[in-house]
Structures are given as C-alpha cells and as structure tokens.
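Dear colleague,

I am handing over the structure below, and after it you will find my notes on its aromatic side chains. Please keep it open while you read.

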Amino acid sequence: MSIWKRIGNLFAKDEPPLREKSMLQLAPGDICEVSLVTYEVTGRVSNFGRNAALLTLRDGTAIAYLHIEQREELRYALYKAIDGRLDSLSEVPATMELDDIVYYLEEEYEGHVSAAGQTPFMNAGDQHVWQYQSDEGHLLRIEWQNGRFMLYEGEKIIPGDVRVIRGA
C-alpha cells in the first residue's frame, strides 16, 4: 500500500451505518414477523397519497396481507383473502353480513397505487377501497381496481407484534 493511500485512509470518513428499514418501507424479498409468525414479503401495493401499503406475505404456502398506514402512529391490520363477489362498483353496501358477523362501513377512499412483486392487482392504477369493522372488532376490506374486486377478512395488530427481521 502506498504512503499516499495510507494518509488518505487516515482522513477518510467512515461510511454511515445502514439504517434498518421500517415496516412501511418493506419490499419484495424482505423478511418480517407478525404475531410470532415469520413471513417473506412477496408483493407490495403502495398508496403514497395515504402513506399506506398492503404487503403480500408468504409463510410456506399460506398467504396473508398486512395493511400498514402511517397516521398519528403506525396502524397494522392482518388480512386473509376470502371468496366473495360483488357485481358493481356502485352497489357496495354500507353494511355487510358475512358468516353471522355484521360489518359496518368505517372508511371509503380511492387513490393511485403502485404495485411491485406478487400482488392481487399486478398493475399500478386507481384503486377504490372500502374498510369495514364489526362490533366485535373483526375487519373486512374490499378493493376494486381495473374492474376486479378483492375481499379480505382480518384483525388489527398491535405495533409490538410486528417487526422487521431482515430488509433486503
């Protein structure tokens, strides 16, 4: 090693440590833990207007969806896709009953989303979302994009039950 290189190394700044990804920054290939279950993130749908993301998670053959939204604090909800059908975008009701559980419309919004990896909607575009909640705290989520509906049932997750294991 030359003398000039040694002198240069003495004055060189150390590289800053890599910042760990937050849950809202996870992307396909990352690993996270939700309620003591380890998942690989295989897809991500981002709604930047709401500072929210819906992550597609895979644990072996099981697929789950983690909705993350930054408001006053990070909010999490874990969903599983369910079979169901709606005929028209204009006919989504304010109250729905599924398996003897009554869900009430809590929030309805639309926005432009981007998609990466394996997601129910493979293209970016405008997406319409209805979020319901039952009196018992069960969640129902309906998404519509490009003429296609997706329905999910889930539950809220407390922030302590969610953590990043490895960010790619």
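A residue is called buried here when its relative accessible area is under 20%. By that cut-off, both tryptophan 130 and phenylalanine 149 are buried. Please bear in mind throughout that this is a predicted model.

A search of the whole structure finds three aromatic pairs. In one of them, the ring centres of tyrosine 65 and tyrosine 152 are 5.1 Å apart and the planes stand at 70 degrees, so this pair is edge-to-face. Because tyrosine 65 belongs to strand β4 (residues 62–70) and tyrosine 152 to strand β10 (residues 148–157), the pair ties together parts that are 87 residues apart in sequence. Tyrosine 65 and tyrosine 152 are both buried.

Tryptophan 130 and phenylalanine 149, the two residues mentioned at the start, also form an aromatic pair, which is tilted, with 6.4 Å from centre to centre and 35 degrees between the planes. This pair links distant parts of the chain, since tryptophan 130 sits in strand β8 (residues 125–134) and phenylalanine 149 in strand β10, 19 residues apart.

Returning to the tyrosines, Tyr65 and Tyr152 form one aromatic cluster together with Tyr79.

Finally, there are arginines placed over rings to look at: arginine 50 lies over the face of tyrosine 109, at 3.6 Å from the ring centre, while arginine 148 lies over the face of phenylalanine 121, at 5.6 Å from the ring centre.

With best wishes

Methods:
Residues are numbered from 1 along each chain as its sequence is written. This is a predicted model: local features need pLDDT of at least 70, side-chain atom pairs count only at pLDDT 80 or more; totals for chains, interfaces and linings use all residues. Side-chain values use heavy atoms; hydrogens and water are left out. Rings of Phe, Tyr and Trp (its six-membered ring) pair if their centres lie within 6.5 Å; planes under 30 degrees apart count as stacked, over 60 as edge-to-face and the rest as tilted. Helices (H or I, at least four residues) and strands (E, at least two) are DSSP runs, numbered from the N terminus. Buried means under 20% relative accessible area, exposed over 50%, partly exposed in between (1.4 Å probe, protein chains only). A charge sits over a ring if NZ of Lys or CZ of Arg is within 6 Å of the ring centre and within 35 degrees of the ring normal.
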